[in-house]
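Hi everyone, thanks for making time for this. I'd like to walk you through one model today, so please have a look at the sequence and the structure before I start talking.

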Amino acid sequence: MKRELLRSPHAMLVAALLVSAFGGLGACQNSEDDAASGAPEASGSTGRCVYTSAFSQAEECREYTGGGWTAEAAEADCKALQGSTFTGGERCAYPETLGRCVLGGGTDDAYAIVFPGGDASQCAATQRGCEMFGGGQFEPDACEAATEDPGIGTGGAVFQWPELVCVEPKAGEPAGQSDGKVCTFGAISGCTEPGRRFTDYASCEPVFTQRPYWPAPPSEYKTPSDDPRLSDPEWLAELAWVTEQTEACGCVCCHSENTAPAGPSNWYIEAGPIWTDSFNPSGLALAAGWVSSAALGAYPPDQNNGFSRDTAGLPTTDPARMIAFFEGELERRGFTREDFADMAPFGGPLHEQSLYEPSDCAAGEGVDAAGKITWADGGARYVYVLSADAENPGAPPNLDLPEGTIWRLDVPSSAEPMKSGIAYGEVPASAKQGYPADGTPEALVPGTKYYLYVLADVGIPITRCLFEISP
């Protein structure tokens with residue numbers, strides 16, 4: 001049982017992100033008969049697997065297209081999926097599809113996920129889930145004319161930059177720590193003052209744009225009714241403290257029945273009698289700091305009301321205490337640190353982007369001798385010029401301005417993205433200069449190699465390459 005729970009936590013996360021974008025809110029839920037309806041397509045596939053997502057309970061159809069798949073391997077992969085039916089030598093066939101997500105295209109392990117339905121309102125989220133979170137290539141069908149600029153957040157919303165909001169404390173609560181006011185960053189990594197609730201002092205609306213939200217069922221683990229913890233005052237006091245800490249931070253937006261738009265995303269604080277039962281094992285490992293989640297970004301404690309997330313996976317004012325609690329949760333389910341030794345760090349594409357190694361710019365990309373910046377593939381909200389050895393830009397608030405940044409332009413969520421062809425050092429009307437804070441950036445030196453990093457939105461790079469200006 002433990003092996004199944006840990007079978008592929010990263011892959012399951014990707015699957016959750018995919019199904020949330022395409023069917024998590026009730027869209028695209030057809031039956032196995034629908035998948036088999038119509039004349040079968042010419043194969044090009046070892047077989048198809050129709051199954052029910054363990055997260056959204058929506059149907060998906062997988063085609064095994066890579067040359068390395070045998071019928072036996074494909075059927076074995078299919079059997080590991082919930083409620084699955086494998087059909088050899090056939091492809092997914094629906095009366096109407098939004099499109100398909102091709103993963104590992106051109107490799108022996110390639111496969112595609114086909115998304116039934118024709119609701120164009122799902123297209124932006126579908127493309128985002130495929131390309132950003134699945135790391136695949138989206139091939140539209142019904143979505144052919146509706147797949148531009150999907151953005152990073154829920155429903156294709158553009159990332160809204162966190163703002164620090166300072167307000168008077170709620171009636172009956174003590175004075176705030178900032179000249180009597182309570183100051184809170186409206187961010188998924190932001191926390192209000194200890195003992196207060198994030199939702200009383202910040203809005204979840206910008207948070208939903210900062211990290212894609214999807215509803216997902218909780219873990220099936222349940223504490224036995226005769227467990228001594230349920231009557232242990234000391235342990236219950238620790239649970240109450242963990243609850244208070246969690247309610248003070250922005251992650252509660254997606255993990256509470258009261259705030260999540262279509263239901264909590266896996267774990268949630270109202271689950272009972274012990275709400276941490278709703279965590280999957282991989283989530284407990286994140287909370288305990290056994291698996292890194294650094295790629296998701298975090299505020300330093302002195303900017304976040306004393307909350308840090310550098311060792312524990314959940315923001316806390318006492319990391320050692322938080323880690324001890326979640327290590328206890330893992331221990332009582334029978335897990336050890338070694339069970340997660342091979343698990344990839346959390347962050348999905350954000351982690352993978354941090355590992356990216358750039359190569360030289362292709363023709364038509366880079367910065368020319370006149371300072372003209374060009375890139376491929378559409379509008380940009382962030383344009384970086386960095387030193388050649390700089391780290392890749394990551395998630396705000398602490399990874400978006402790596403050492404070696406020379407110049408950065410930002411486009412607010414309310415404005416239209418920039419088009420290729422802007423001039424180095426000049427700020428278009430729709431943009432603002434993200435770095436340096438004042439003045440013009442340093443001049444680029446001919447013959448020196450630099451790094452151009454252009455994003456359609458936070459976490460969605462469209463050009464990452466090295467260039468040098470000819471003398």
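Let me begin with a question: in the hairpin of β16 and β17, which residue takes a positive phi? The residue is G459, with phi near 85°, and the hairpin has 2 residues between its strands.

Before going further, a word on where the values come from. This is a predicted model, where local features need pLDDT of at least 70, side-chain atom pairs count only at pLDDT 80 or more, and totals for chains, interfaces and linings use all residues. Residues are numbered from 1 along each chain as its sequence is written, and side-chain values use heavy atoms, with hydrogens and water left out. When I say helix or strand, I mean a DSSP run, numbered from the N terminus: H or I with at least four residues for helices, E with at least two for strands.

Back to the hairpin, then. Strand β16 covers residues 449-457, and strand β17 covers residues 460-468. The two pair in the antiparallel sense over 8 bridges; pairing here requires that DSSP finds at least two bridges between the strands. D457 stands opposite I460 in β17.

β16 has another neighbour too. Strand β12, residues 382-387, runs antiparallel to β16 and is joined to it by 6 bridges. If you want a spot to click on, take S387, whose bridge partner in β16 is Y450.

So how many of the 9 residues of β16 are buried? The count is 8, so the strand is largely enclosed by the rest of the structure. Buried means under 20% relative accessible area, exposed means over 50%, and partly exposed is in between, using a 1.4 Å probe and protein chains only.

Now for the cysteines. A disulfide is a covalent bond between the sulfur atoms of two cysteines. In this model the criterion is a pair of cysteine sulfur atoms within 2.5 Å, and a search of the whole structure finds 6 such links. I'll show you three, including the one that joins C61 to C92, with an S to S distance of 1.9 Å.

The torsion about the S-S bond of C61 and C92 is about -95°, so this disulfide is left-handed. C61 sits in strand β2 (residues 59-63) and C92 in the loop between β3 (85-88) and β4 (97-103), so the link ties together parts that are 31 residues apart in sequence. C61 is buried at a relative accessible area of 0%, and C92 also counts as buried, at 4%.

Next come C166 and C183, whose sulfur atoms are 2.0 Å apart in their disulfide. With 115° about the S-S bond, this link is right-handed. C166 lies in strand β7 (residues 164-167) and C183 in strand β8 (residues 182-185), so the pair connects parts 17 residues apart in sequence. Here C166 is partly exposed, at 35% relative accessible area, while C183 is buried at 10%.

The third one on my list is C204 with C253, again a disulfide, with sulfur atoms 2.0 Å apart. The S-S torsion is -85°, and the link is left-handed. C204 is in the loop between α6 (198-201) and α7 (205-210), and C253 is in the loop between α8 (233-247) and α9 (281-287), so parts that are 49 residues apart in sequence are tied together. C204 is buried at 10%, and C253 is buried at 0%.

What about C251? C251 is in no disulfide, and the nearest cysteine sulfur, that of C249, is 5.7 Å away. C251 counts as buried, at 11% relative accessibility. C254 has its sulfur 6.4 Å from the closest cysteine sulfur, in C253, which is too far for a bond. At 7% relative accessibility, C254 counts as buried as well.

Last topic, for those of you who like backbone torsions. The peptide bond from G272 to P273 is cis, with omega near 0°, and P273 lies in the loop between α8 and α9. The bond from P396 to P397 is cis too, with omega near 10°; P397 is in the loop between β12 and β13 (405-410).

And where do we find a positive phi in a residue other than glycine? D179 has phi near 55°, lies in the loop between β7 and β8, and is exposed at 84% relative accessible area. N305 is not a glycine either, and has a positive phi of about 55°; its place is in the loop between α9 and α10 (319-332).
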